[in-house]
Amino acid sequence: GAREGDVAVLEAAVDTLRRALDVRTRERAPLAWARTQHDLGRALALLAEREGGTARLDDAAAAYRQALTVRTRDRVPAAWAATQNALGGVLTTLAQRRNDLQLLAAAYDTLRVALTVALARGAPAEVAMTRSNYANVLTVISEHQPGTQLLSDAVGMYRDALAVRTREGAPLEWATTQNNLGLALAAIAVREGGTARLVEAVDAFRHALEVRTPATAPLDWAATQSNLGSALTELGLRQGSTTRLRQAVEAQRLALTVRTRERLPLSWAATQNNLGLALAALGAREHDHARLAEALAAYRRALEVMRAAGAPAYVARIERNIEHLPRPRHAPGGARAGGEAPAGVPGTAPRAAA
């Protein structure tokens, strides 16, 4: 259950791995101990995806760093590369959740070293994995810098990785890379305007959904559905397309069939916000009071959970969306004054390749 396991299953795995470390000590079996530390880091990182917060990520980073004390670049280069990549992915997520530029720099340095070594070793699968993770950190760094150069670099790296991570040879990794490619393309579209990049993003998300299905990978499927919905919302706004906006609403509602409040409260709240954006755009276009009321209800549901979770950045975004909720021209009280664009809450951060 590592990829799609529920919290209880992952917590049991963490407990089992920690008990195993009492037996597989570094002194008795150093390589087995390091492998267990790596597996512990992976389980903790997966828990962090489902729970939010940073405590699990801190523990995951500590476990990976312990593994690297034995899994050295000279002794076991392939194992070193796997753990170095995993550590870089955890540091990227930690930096994003804490808005910590120092952590982001550490993630960048970790993955840059991994990429340099991978290119020197020339192992195609290792190079593809590292390119994908390096592209992830570039995408996050781009949130703190103007322009699109870093995002364009990330897009190039994802596409290079896809030349190796084919759907036939590595379907899950291919789908993850397609999803992350879509996120980078959508981010470029936000800065550049136009629709070409958004169309590419929609295509990338739909490619990912060819592999990420509700039966085989429900959590990943839901994340990509929400990402697709957000891209379709923006594309519908730019194209003036009611069809695109209806597709966006459908995609967010599909995501919510898996991203429930009980199972994944933060993801549920993020998707509720994104559903609100799609409903607001559709309601404004169709002059539909009912759609706008649904949008407001979705925003309020998201706001309740984000406030309880102590997520001030997300709370501010959702409050801004409520403030700028459009109204039909014939709505009582007249049209709401224009303001800055509604703010989406990302469906998912780029996922590290494993």
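In this predicted model, Gln 178 is a buried residue, with a relative accessible area of 8%. That value falls under the 20% cut-off for burial. Gln 178 is found in helix H8, which covers residues 171–192. Setting aside neighbours within four places in sequence, the residues in contact with Gln 178 are Leu 162, Ala 204, His 207 and Ala 208. Ala 106 offers a useful landmark for a reader finding the way around: 72 residues separate Ala 106 from Gln 178 along the chain, and their C-alpha atoms are 25 Å apart.

From helix H8 the description moves to a partner, helix H10. The axes of H8 and H10 come within 11 Å and cross at roughly 25°. The two helices are therefore roughly parallel to each other, as angles under 35 degrees are counted in this way. Their crossing is left-handed. On the H8 side, the contact is made by Asn 179, Leu 183, Ala 189 and Val 190, while H10 contributes Thr 224, Asn 227 and Arg 238. Sorted by class, this contact of H8 with H10 has 3 nonpolar, 3 polar and 1 charged residues.

Arg 238, found in helix H10, deserves a look of its own. Its relative accessible area is 29%, which makes Arg 238 partly exposed. Beyond its neighbours within four places in sequence, Arg 238 is in contact with Ala 189 and Val 190, and also with Gly 193, Gly 194, Thr 195 and Leu 198. The C-alpha atoms of Arg 238 and Arg 112 are separated by 37 Å, with the two residues 126 apart along the chain.

Helix H10 itself runs over residues 218–239 and has 22 residues. From its first C-alpha to its last, H10 reaches 31 Å, close to the 32 Å expected at 1.5 Å a residue. Of its 22 residues, 17 are buried, so H10 is largely enclosed by the rest of the structure. Gly 240 follows H10 and has a positive phi, near 65°.

Helix H12 (residues 265–286) can be described in similar terms. With 22 residues, H12 spans 31 Å between its first and last C-alpha atoms, close to the expected 32 Å. H12 is largely enclosed by the rest of the structure, because 17 of its 22 residues are buried. Just after H12 comes His 287, which takes a positive phi of about 55°.

A further helix pair is formed by H5 (residues 101–121) and H6 (residues 124–142), whose axes come within 9 Å and cross at roughly 155°. This angle makes H5 roughly antiparallel to H6, since the cut-off for that description is over 145 degrees. H5 passes H6 in a left-handed crossing. The H5 residues that meet H6 include Leu 104, Ala 107, Tyr 108, Leu 111 and Arg 112, and further along the helix Leu 115, Leu 119 and Arg 121. Among the residues they meet in H6 are Glu 126, Val 127, Thr 130, Arg 131, Tyr 134, Val 137 and Ile 141. By class, the contact of H5 with H6 has 15 nonpolar, 2 polar and 4 charged residues.

Methods:
Residues numbered from 1 in each chain as written. Predicted model: local features only at pLDDT ≥ 70, side-chain atom pairs only at ≥ 80, totals over all residues. Heavy atoms only, no water. Axes fitted to C-alpha atoms, helices over the stretch in contact; angles between N-to-C directions. Helix = DSSP H or I, 4+ residues; strand = E, 2+ residues; numbered from the N terminus. Parallel < 35°, antiparallel > 145°, perpendicular 65-115°, else oblique. Left-handed = near helix turned anticlockwise from the far one by under 90°. Contact = heavy atoms within 4.5 Å. Nonpolar A, V, L, I, M, F, W, Y, C, P; charged D, E, K, R; others polar. Expected span 1.5 Å × (residues − 1). Buried < 20%, exposed > 50% of the residue type's maximum accessible area, 1.4 Å probe, protein only.
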